[in-house]
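User: I am new to this structure and would like to understand the reasoning behind its labels. Could you walk me through it?

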Amino acid sequence: MDLVTATADHVRAQCEGESSGHDWWHIHRVWRSAHALCDAETGADRTVVELAALLHDIADAKFHDGDETIGAKTAAAWLRSLGAPEETVRRVAEIVANVSYKGAGVADKVTSLEQRIVQDADRLDAIGAIGIGRAFAYGGWDNRQMHVPGEEPVLHATTEAYRAAKGTTINHFHEKLLLLGDRMTTDAGRRLAAERIAYMEAFLERFHAEWEGQA
Ligand code: ADP
Ligand code: NI
């Protein structure tokens, strides 16, 4: 079996039915979007992109005492167990290590074209209609309040503060989702994100109008 198929089967078995936002269908959508972004960009190594898309959420810092290296380590161990070339292991692990959003005040670290593609694909799945669905699903899963009226958006300056915060789901739109449009680094990703951001802005306007009894 080739590396990509073996990895897809493995990841699917690991995360099928997961309910905090990293279920197989999230991975599947990111994999497919990453494929599409590869078509739009020239020069990306498809195997590296596909493997990283499949493995990007294989282990999450927020479920491992904030260990930000756990994802890359787990991905590398898996690929080595398949006998993948060391250069592929290194490149995939580097993407997994740098893909995630670490807070409104924390700059992204861009390491390669392949990383930019996987990161944009992952971020597209955090915004738009799917992103709204995932945010509220996560909020319920993590016992968060949906919204507290009158509360000003809170943006965190460090990864530790961002991870530790227990804000509302509406706050998550302000501290992450609405900011992702300006954090896309591929042209196709940026275009798709603009549409999805506009959709979320309209959703929030409607949400607050209904909350106030004005719609
Ligand atoms: P990813 O890197 O796959 O976008 P995360 O691990 O940051 O994801 O989060 C998984 C999903 O849960 C995403 O859709 C994200 O926006 C959502 N999410 C993460 N943190 C929160 C939160 N505090 N409130 C609401 N949704 C959240
Ligand atoms: Ni993801």
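Analyst: Happy to help; this is a predicted model, and what follows goes through its two ligands one question at a time.

User: What makes His26, His56, Asp57 and Asp122 donors of the nickel ion (ligand 2)?

Analyst: Their donor atoms, NE2 in His26 and His56 and OD in Asp57 and Asp122, lie 2.1 to 2.2 Å from the nickel ion. The cut-off for a donor is 2.8 Å, so these atoms count as donors.

User: How are these donor residues spaced in sequence?

Analyst: The pattern is H-x29-H-D-x64-D. The pair His56 and Asp122 links distant parts of the chain, 66 residues apart. His56 is in the loop between helix 3 and helix 4, while Asp122 is in helix 6.

User: Why is the approach of His22 to ligand 1 called a polar contact?

Analyst: A side-chain N or O atom of His22 is 3.0 Å from an oxygen atom of ligand 1. Polar contacts are pairs of N or O atoms within 3.5 Å, so this pair qualifies. The side chain of Asp60 qualifies too, because its N or O atom is 3.4 Å from a ligand 1 oxygen. The protein covers 93% of the 540 Å² of accessible area that ligand 1 has on its own.

User: Which kinds of residue surround ligand 1?

Analyst: The shell divides into 7 charged, 3 polar and 3 nonpolar residues. Helix 7 gives the most to this shell, with 3 residues.

Key
Residues are numbered from 1 along each chain as its sequence is written. Chains are lettered from A and ligands numbered from 1 in the order in which they are written. This is a predicted model: local features need pLDDT of at least 70, side-chain atom pairs count only at pLDDT 80 or more; totals for chains, interfaces and linings use all residues. Side-chain values use heavy atoms; hydrogens and water are left out. A polar contact is a pair of N or O atoms within 3.5 Å; within protein, one must be able to donate a hydrogen and the other to accept it, and residues adjacent in sequence count only if both atoms are side-chain atoms. Accessible areas come from the Shrake-Rupley method with a 1.4 Å probe; for residues, only the protein chains shown count as cover. Helices (H or I, at least four residues) and strands (E, at least two) are DSSP runs, numbered from the N terminus. Ala, Val, Leu, Ile, Met, Phe, Trp, Tyr, Cys and Pro count as nonpolar, Asp, Glu, Lys and Arg as charged, and the others, Gly among them, as polar. Donors are N, O and S atoms within 2.8 Å of the metal (3.2 Å for Na, K and Ca); water is not among the atoms, so sites may look incomplete.
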